[in-house]
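Please open the model in your viewer and keep the selection tool at hand. The tour goes from one chain contact to another and then into a core.

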Amino acid sequence: MTSHLEPVPGPLGGRHPRIDAAAKVTGSTRYVADLALPGMLHAALATATVASARVLGVDTAAARAHADVVAVLTAADVPANSIGVIFGDQPLLVTDRVRMVGDRFALVAARTAEAAWTAARLVGASLEELPGVFDPVAAVADDAPLVNGASNVFRTFHVQRGDTAKQAKRAAVVVEAEYRVGGQDHAYLEPQGCLAIPEGRERITIVASCQCPFYIQQGVASVLGLPLAAVRVEQAPTGGGFGGKEDYPTEPAACAALLAWHTGHPVRLIYPRELDLQATTKRHAMVVRHRWGADRAGRLRFAEVETFMDAGAYVGLSTVVAERANVSAIGPYHVGAVRVATHVVYTNNLFGGAFRGFGAPQVTWAAEATMDKLATRLGMDPVELRRVNVLDDTRRTICTGQRLRTPVLAREVLDRAVELAGWDGFRAAPPAADGAWRHGMGVSLVLYGCNLHWGGQRLDRSSAVVILQADGSVVVRVGLTEMGQGNLTACQTVAAAALGVDPSQVQVWQPDTTTVADSGPTVASRGSLMSGRAILDAVRRLRVRLDPVAAELLGCRPGEVELAGGFARVAGSPERAVAMQAVAKEMSARRIETIATGWHRTKARRFDPATGQGAPYEFYAMACHVARVAVDPGLGIVRVEEVTAAHDVGRVLHRDALEGQIHGGVVQGMGWGVSEELRLDRGRLVNPNFTDYVIPTSADAPRITIALVESDSEAGPCGAKGIGEPSFIPTAAAVRNAVCDALGVEVDTLPLTPPRLVEALGERHPFAWVVEAATRPATEHEPATVGPRA
Amino acid sequence: MLPSFAYVRPTTLKAAVAALAAPGTRAHAGGTDLLGCLRDRVFPADTLVSLAGLPELVGVTPTAEGGLRLGAMTTVATVAGHPDIAARYRALAEAAAAVASPQLRNQGTLGGNLCQRPRCWYFRGDFHCARKGGGKCFAVDGENRYHCVFGGETCFIVHPSDTAPALVALDALVRLAGAGGSRVVPLEKFFVPPSADFTRETVLEPGEVLTEVVVPAPPAGARSTYRKVRARGAWDFALAGAAVSLGIEGGRVKHARVVLSGAAPIPWRVPAAEQALIGHRLDGATIARAADAAVAGAEPLADNAYKVPLLRCAVEEALTALNS
Amino acid sequence: MARKPRDNEHTCPHGVSRRGFLGSLGAGAVAAATLGRPGETAPPEVADAVEPSKVTLLVNGRRHRLLVEPRWTLLHVLRERLGLTGSKPGCERGECGACTVLIDGVPRYACLTLALEAEGHEVTTIEGLMRGEELGPTQQAFAAEDAFQCGYCTPGQIMAAEGLLRAKPAPTVAEIRLGMSGNLCRCGAYPHIVKAVRRAAEARKGGGR
């Protein structure tokens, strides 16, 4: 990893061990499945295996009669039977209609998990199957079966800037394409799970594997008809999220809460893996249509994008995902005129939800494919075409009309990645084929809007609590969660830096809705930024009381106190110092308040959803990935050999965690790009397991080279920008472009599995002719000579 | 949680065979396939008969005829790492090394690898398909990306084993012990195509157990290899593959076995490809003719025609590797 | 080498020493055989019913006598009966690796191993890698190289690494990548995991066990 700025002294940008390292390497971290209480019951769900049907009746008698079953609940038992995170289009338990596989008929609580799931299978649903629709383009046809409401097009978002018809006249080349970009499962290693603990009929605690305890709090309060204050949600250590534990965990939490409420017992619900894959939200599949044109010099003149987003049977967060997809559709390029339309379309497929990148990866994949097609038509190097169009300090207005803050580092990340990857050398002298393997290199850029879109800015705030203990150690609570990305460690680092103490002195605890105010969701790469800024605010407020005490001990004015190296000391005279422990002890002795709250909210912005013009995001991060691949054209196998990732990160908070985020984004992005495929048969996932849904192993991970382009900005705490999503978004696109470079054909469907590549090669497959030759009518082949039993 | 079953741990083969004769009984070797099937309710079992108490089923020993005897309970890892197998039966060593993951190779047995149930997602999933006694094969008009292009009839599974095609190519025999003694069957005849019976994959009768695999002495000038095509760099079933065993004397192919994996409901031996090799020098033209012949007569479903060129390519790569 | 059972426990429960057994059959063969216990006659042809039966499991050097149903997996018994929750359920069908434990020093999936099968063998879990209060060398290496993120797959990764290094003390990077391929990490921490395994190999060479 390289960086052109000197590291800052202190813990910032360092590599101290993560706060949870010892627990995680000893297996002592307690995930939900590791928690149990006396009298605890186990929950199970009875779910639909068909995607579209009328419900004629639900028979729970057999389930109720099963030994060890304590309760079986149906829709009639739910006080407020609606669970949609934004819109009221989804019931917690279905009443009259099944709209997707995984829809719930009934909830079961039993004394063992086995009894619960066995009984759930005994729930009988009497169904009349109805026609369904399983493709977002087919779903917009006039005669398509209606999925949920009066139209299958739930909403359309737009970006309109300039006159594309006029600009099209200046275009020397025009690329038209239709991309079919597949979905993805989060495949976090820890399945969905939660534990609901009722206290009489007054209040309830939920301990959940989740990214957004406040979403669960709202969902459970709404379903049970309780005030928010009566629902306490504690985030359990969470075994991976990637967006899959943003919106979805509210559903299992509401199920467990209902059963706990009815039975008066603690209830734990852990999804079996196959249900987790079958029933939970997915990355949205999208069909993206492009018409882009450039002039002879390669300048992008216009870009038209129409996207059909497969929302599945319920909207969930799809509108929010569509907002990000909508404004990400063009990438970090300056374009004369832009027309984007993004349709959120109902189908009877599994519903889409939050997933790392949130709509941006799909449209980025399409945009970067089109950029390469334009380069080919123009006879330009793909990097050169991007250099001609990329935003920078002199040209920094994005397609929404927003002028970016400087420095705009898109050109820098492009140049750094290209240089480190050896792009020019590779293009000048491509490596010779190595046996069957052919080599290719591809590039992709991303313009990433940090934090939440304008449409969600009411949620874009964050709370923190800092408590200085009497012994000088520090407790920090924040509202944003740790799910492996390192938020606890980032918060620890920021707090330690602000208080001038060693990180080991700071303990950051998992969020709990009763200790901090609603901080919104831990999504959109905002965890460290928003928590960090709130911590800085809390420390500032703490110092209003701390500095005078320290000043008295030091014999200086409060304004002269600085905190560093574990000491309060006099600015400019570091030898005049008193240990933080002494300051803490003194504050405690004097009964001075040692707890402080902090708060941060993003700046209010203006945006016009009708035209997509304005400031959708507060600030942006740029990234560029270059992928080098080897492809066996005969077998259609892709080996991603190296990904060079250059990121505009602002300032580094914790170097290991940052690297880890980039590694993870690249590996997961590669998986999405080349191997992960949701195979749906009439809305039902036929591969709900890790044998048939293929995610990368250690043997697949490419070599990853990282370049950090640091800058001082007013972005997050200490100048940090988000990294979780920008690390994912460009990878699949860069891999796609590299594969196409190696093969000399266009592949416009993701993922690039061996079957897909063989099909894309078509007549250019080395043995294309064998399909026809081999499958000629059998008489010509004397089948008696073929086969094992000749 | 697995469904309930009784567990029997016989210490003699005779007792094991007797126990296996009871209806609803399954043999438990490594368990890597069996327990998953039971958990997913692919089929039921009242009683599992453990083969772990039969040490005579473990190990690799030379036969008097110059071949090797591999006990059915020998782990896949042992087969993959055995120096004699690597030296003389390379296709088998390569196939065993390509099976699943390190942990599964440590646990799974050779016998289990040959007897594993199909990996069709309809068969494994909650679908009452033909092979499970239902009325239809869901793959025919469903998701048939990874189904067979040869030998499909009523049921369109592919045989999931890597060691099976390698062992068929090596002319292996299997010994099946039953109440009335044991019988020896060429491995090729051990597997049952759907055209004969689409509800079973092997000729094992109730009360029979596969006890050993015998690979005969390799032919003169023997060389063999297994080429597995998989999407993931490790831990993945074959999309397509080819096991090839040749005997080359005086520069000409005298003996040839070409067996496809990922292609058919059974390891799919292609005599036409073998005929294209025998009597010829193993040069580019011969290899191309054999590879063409290997895929002749393929009958792809709607979504798996890609397998035909893939298989052709696998055969060509395997033969080319043997040529160097 | 694996730790000796605690002093107050019986010694090796096998009829032969582990070393001799491995030497004769190869490391991979251990899964298949059950050997008689000392002081007892070889087990008769036990026809265990569906009902629980008494077994003795040797886990992390400690002997546990307990009642086990035939259908209980080793993972179930470790977590629900012995309270050893470090081994994680991720798929319960041998597809993720989070439940990896060592059986006679060899990595296996506890979710696909019946508890009954483990009788007579030495089971080591993540909890058994501690050296008293200190992390074992493989654990230390994972912490030092930041070779985890969410941590859910981590105990399984560490056990797989431990097993790999016991069989192959100085693996190449290619051997590590393949040797660790039976453990999925969805956070994609693989680059740091590979570094950690290399570091652990070095540490073990320099006096670690």
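In this predicted model, begin by selecting chain A together with chain C, where 41 residues of chain A are in contact with 41 residues of chain C. On the chain A side of this contact, the elements that contribute two or more residues are helix H1 (21–26) and helix H17 (655–674), and H17(A) gives the most, with seven residues. If you colour this side of chain A by residue class, you should find 17 nonpolar, 17 polar and seven charged residues.

Next, hide chain C and show chain B, whose contact with chain A takes 37 residues from chain A and 38 residues from chain B. Here the elements of chain A that give two or more residues are helix H3 (113–122), helix H19 (754–761) and helix H20 (768–774). By class, the side of chain A that touches chain B has 19 nonpolar, 12 polar and six charged residues.

Now turn to the largest nonpolar core, which has 470 residues, and select Ala43(A), Val108(A), Ile206(A), Ala257(A), Leu259(A), Ala495(A) and Ile535(A), the members that touch the most other members. Helix H15 (residues 527–554) of chain A supplies the largest share of this core, 12 residues. In soluble globular proteins, nonpolar side chains tend to be buried together.

Finally, centre the view on Ala43(A). Which residues is Ala43(A) in contact with, leaving aside its neighbours within four places in sequence? They are Leu107(A), Val108(A), Ala109(A), Ala116(A), Cys255(A), Ala256(A), Leu259(A), Val267(A), Arg268(A) and Leu269(A).

Definitions and conventions: Residues numbered from 1 in each chain as written. Chains lettered and ligands numbered in written order. Predicted model: local features only at pLDDT ≥ 70, side-chain atom pairs only at ≥ 80, totals over all residues. Contact = placed C-beta atoms within 7 Å. Helix = DSSP H or I, 4+ residues; strand = E, 2+ residues; numbered from the N terminus. Nonpolar A, V, L, I, M, F, W, Y, C, P; charged D, E, K, R; others polar. Core = buried A, V, L, I, M, F, W, Y, C linked by C-beta atoms within 7 Å. Buried ≥ 20, exposed ≤ 12 C-beta atoms within 10 Å, placed from the backbone.
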